[in-house]
Amino acid sequence: MERNEEKLRLYFSNPPEDISVDDISLEALPKHISIIMDGNGRWAKARGLDRSQGHKEGVKALREIITACVRLGIDNLSAYAFSTENWRRPQREVDLLMHLFASTLVRELPLFERENVRLVFLGDIEALPAKTRDTFKKGLAETASNTGMTLALAVNYGSRAEIVRACKLIAQEVAADSISIEDIDQDLVSSKLYTASMPDPELLIRTSGELRLSNYLLWQLAYTEFYVTDKMWPDFGRWDLLRALRSYQGRERRFGGVGTSK
Ligand code: IPE
Ligand code: IPE
Ligand code: MG
């Protein structure tokens, strides 16, 4: 994707000692970075604050990472904001999050416009509270023709539910005789997932040190490189993103083969 070298340098000026944008090859960036934004609650607890405060700080971190990815020229950024299992949380926290999603989206629409970001959602947004759902749909409509980075927010997303949904969509096409069973292949399954318009992520980042997927992109992450940091999501910033990219660029991806270094 197009990258403004000047804006990039400015955004990554005054680097800390251990990392700078020069440590990253801009020619070998992933086309899709995905993030499990975890640790908002623990961030707040460690400061004696309410969990809601952690979520609000988490929004700021996401804003910084969106801008950083735009500056770097990343084509696709996806982020896990609310899982199908997160409905199990206290009603108060669920309500707060739904409200936060809606108000944040309204506030950030000008940013998406300015930075040419196209918004998509992963997950069943029809099942969200009306105000949140309607705001999301407005965001979808208003950014649909943007041609810069695609930002995919996973809200009411669960990977197993997504795969079941894909199975049903395919079964319907078979039942309607528009395809035959022999037509079912990996590309067809991929095309029925919420991520249909995006390539699979090359890099998955999870904050707060948890070593699990929590029902996120099980199909799409088949060969993705993982980067886990102990930092809580509200503390994750542009330099951490560069650290993740440096780590990713130092890996050898094999896809089941024998690799190039042996
Ligand atoms: C991630 O932070 C944000 C959401 C799941 C909405 P958490 O709320 O999971 O924070 P922890 O894991 O309890 O610290
Ligand atoms: C995963 O985090 C979901 C999001 C980041 C939105 P959780 O905090 O819900 O995951 P678990 O419960 O620790 O596995
Ligand atoms: Mg968590």
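A polar contact, as I shall use the term, is a pair of N or O atoms within 3.5 Å. With that in hand, let me turn to the structure, which is a predicted model, and to its two ligands.

I begin with ligand 1. One of its oxygen atoms is 2.7 Å from an N or O atom in the side chain of Arg89, and this pair is a polar contact because it falls within 3.5 Å. The side chain of Asp38 also takes part, with an N or O atom 2.9 Å from an oxygen atom of ligand 1. At Gly39 the partner is a polar backbone atom, at 3.3 Å from a ligand oxygen. On its own, ligand 1 has 370 Å² of accessible area, and the protein covers 87% of that.

Which residues surround ligand 1? They are Met37, Asp38, Gly39, Asn40, Gly41, Arg42, Arg51, His55, Ala81, Asn86, Arg89 and Leu97. By character, this shell divides into three nonpolar, five polar and four charged residues. Two helices, H2 (40-46) and H3 (51-72), each supply at least two residues of the shell. The largest share, three residues, comes from H2. As to location, ligand 1 sits in the largest pocket.

I now move to ligand 2. Where is ligand 2 placed? The space it takes is the largest pocket. Around ligand 2 we find Ile36, Met37, Asp38, Tyr80, Ala81, Phe82, Asn86, Arg89, Arg206, Arg212 and Ser214. The largest share of this shell, three residues, comes from strand E2, which spans residues 76-83. The shell of ligand 2 divides into five nonpolar, two polar and four charged residues.

Which side chains make polar contacts with ligand 2? Ser214 has a side-chain N or O atom 2.6 Å from an oxygen atom of ligand 2. For Arg89, the corresponding distance from a side-chain N or O atom to a ligand 2 oxygen is 3.3 Å. Arg206 has a polar side-chain atom that lies 3.5 Å from an oxygen atom of this ligand. The accessible area of ligand 2 on its own is 390 Å², of which the protein covers 78%.

Finally, a word on Arg89. This residue belongs to the surroundings of ligand 1 and to those of ligand 2. Its side chain has an N or O atom 2.7 Å from an oxygen atom of ligand 1, and one 3.3 Å from an oxygen atom of ligand 2. Asp38 likewise appears around ligand 1 and around ligand 2.

Methods:
Residues numbered from 1 in each chain as written. Chains lettered and ligands numbered in written order. Predicted model: local features only at pLDDT ≥ 70, side-chain atom pairs only at ≥ 80, totals over all residues. Heavy atoms only, no water. Near = heavy atom within 4 Å. Polar contact = N/O pair within 3.5 Å; in protein donor to acceptor, adjacent residues only side chain to side chain. Areas by Shrake-Rupley, 256 points an atom, 1.4 Å probe, with all protein chains shown as cover. 1 Å grid on protein atoms, 1.4 Å probe; cavity = no way out; pocket = protein on both sides within 12 Å on 5 of 7 lines; lining within 4 Å. Sits in = over half its atoms within 2 Å of the grid points. Helix = DSSP H or I, 4+ residues; strand = E, 2+ residues; numbered from the N terminus. Nonpolar A, V, L, I, M, F, W, Y, C, P; charged D, E, K, R; others polar.
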